[in-house]
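Here's a quick tour of a small puzzle in protein folding. Take a look at the structure below, then follow the bullets to see how the pieces fit together.

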Amino acid sequence: MRLTIIPSDNAVYIDGIVHSDLDLSFVPTDIHALQWYDSYGEVEFKSVFDGTNITKEPNQIIQALPDWAQQAADLAGT
């Protein structure tokens, strides 16, 4: 399964099909997006501006979907 979750858009993409207007308020607030490629993926974090500098955590490579990502996929109808 190819999965993309973009909380700020309230959208989950599954195999190229968009499921929008979803309530993704349960996704951690520091998440920009999640990309999943069948058996691995990466979590993309939001940039943070502290008034002087912009910082961003590096993307995190994952081998299993986090619970919140599975919940989003389930909500989209997988």
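Let's start with one cross-strand pair: Val43 stands opposite Gln60 in β8. That pair belongs to the link between β5 and β8, two strands that run antiparallel and are joined by three bridges. Keep in mind that this is a predicted model.

**Around β5**

- On its other pairing, β5 meets β4: five bridges join these two strands, and they run antiparallel.
- Val43 turns up here too, as the bridge partner of Leu34.
- To get from β4 to β5, the chain makes a hairpin with three residues between the strands. In that turn, Asp38 has a positive phi of about 70°.
- Is β5 enclosed or open? Four of its five residues are buried, so β5 is largely enclosed by the rest of the structure.

**The sheet as a whole**

- Now zoom out: six strands form an open sheet, and you can read their order as β3-β2-β1-β4-β5-β8. The pairing is antiparallel.
- Which strands sit at the edges? They're β3 and β8 (residues 60-62), and each of them pairs on one side only.
- If you ignore direction, neighbouring strands of this sheet are turned by 15° against each other on average.

**The start of the chain**

- Strand β1 covers residues 2-6 and strand β2 covers residues 11-14; the two run antiparallel, with four bridges joining them.
- One bridge to look for is Leu3 with its partner Ile14 in β2.
- β1 and β2 make a hairpin with four residues between them. Asn10, in the turn, has a positive phi of about 55°.
- Next, β2 pairs with β3 (residues 17-19), again in the antiparallel sense, over three bridges. Here Tyr13 stands opposite Val18 in β3.
- This second hairpin has two residues between its strands, and Asp15 in the turn has a positive phi of about 50°.

**The nonpolar core**

- The largest nonpolar core has 19 residues. Those that touch the most other members are Leu3, Ile5, Val12, Leu24, Leu34 and Trp68.
- Which elements give two or more residues to this core? They are β1, β2, β4 (31-37), β5 (41-45) and α1 (67-76).
- The largest share comes from α1, which supplies five residues.
- Have a look at Trp68 in particular: setting aside its neighbours within four places in sequence, Trp68 is in contact with Ile5, Phe26, Val27, Pro28, Ile31 and Leu34.

**The whole chain**

- In total you'll find one helix and eight strands. Along the sequence they follow the pattern β-β-β-β-β-β-β-β-α.
- How compact is the chain? Its radius of gyration is 13 Å, close to the 12 Å that the globule rule gives for 78 residues, so the chain is as compact as a globular protein of that length.
- Along its principal axes, the C-alpha trace spans about 40 × 25 × 20 Å.
- Of the 78 residues, 35% count as buried.
- Take the contacts between residues at least 6 apart in sequence: 42% of them join residues at least 24 apart.
- On the outside, the chain exposes about 4800 Å², and carbon and sulfur atoms supply 50% of that.

Terms used: Residues numbered from 1 in each chain as written. Predicted model: local features only at pLDDT ≥ 70, side-chain atom pairs only at ≥ 80, totals over all residues. Heavy atoms only, no water. Pairing = 2+ DSSP bridges. Rg over C-alpha atoms; globule rule 2.2 N^0.38 Å. Buried < 20%, exposed > 50% of the residue type's maximum accessible area, 1.4 Å probe, protein only. Contact = heavy atoms within 4.5 Å. Areas by Shrake-Rupley, 256 points an atom, 1.4 Å probe, with all protein chains shown as cover. Core = buried A, V, L, I, M, F, W, Y, C linked by side-chain atoms within 4.5 Å. Axes fitted to C-alpha atoms, helices over the stretch in contact; angles between N-to-C directions.
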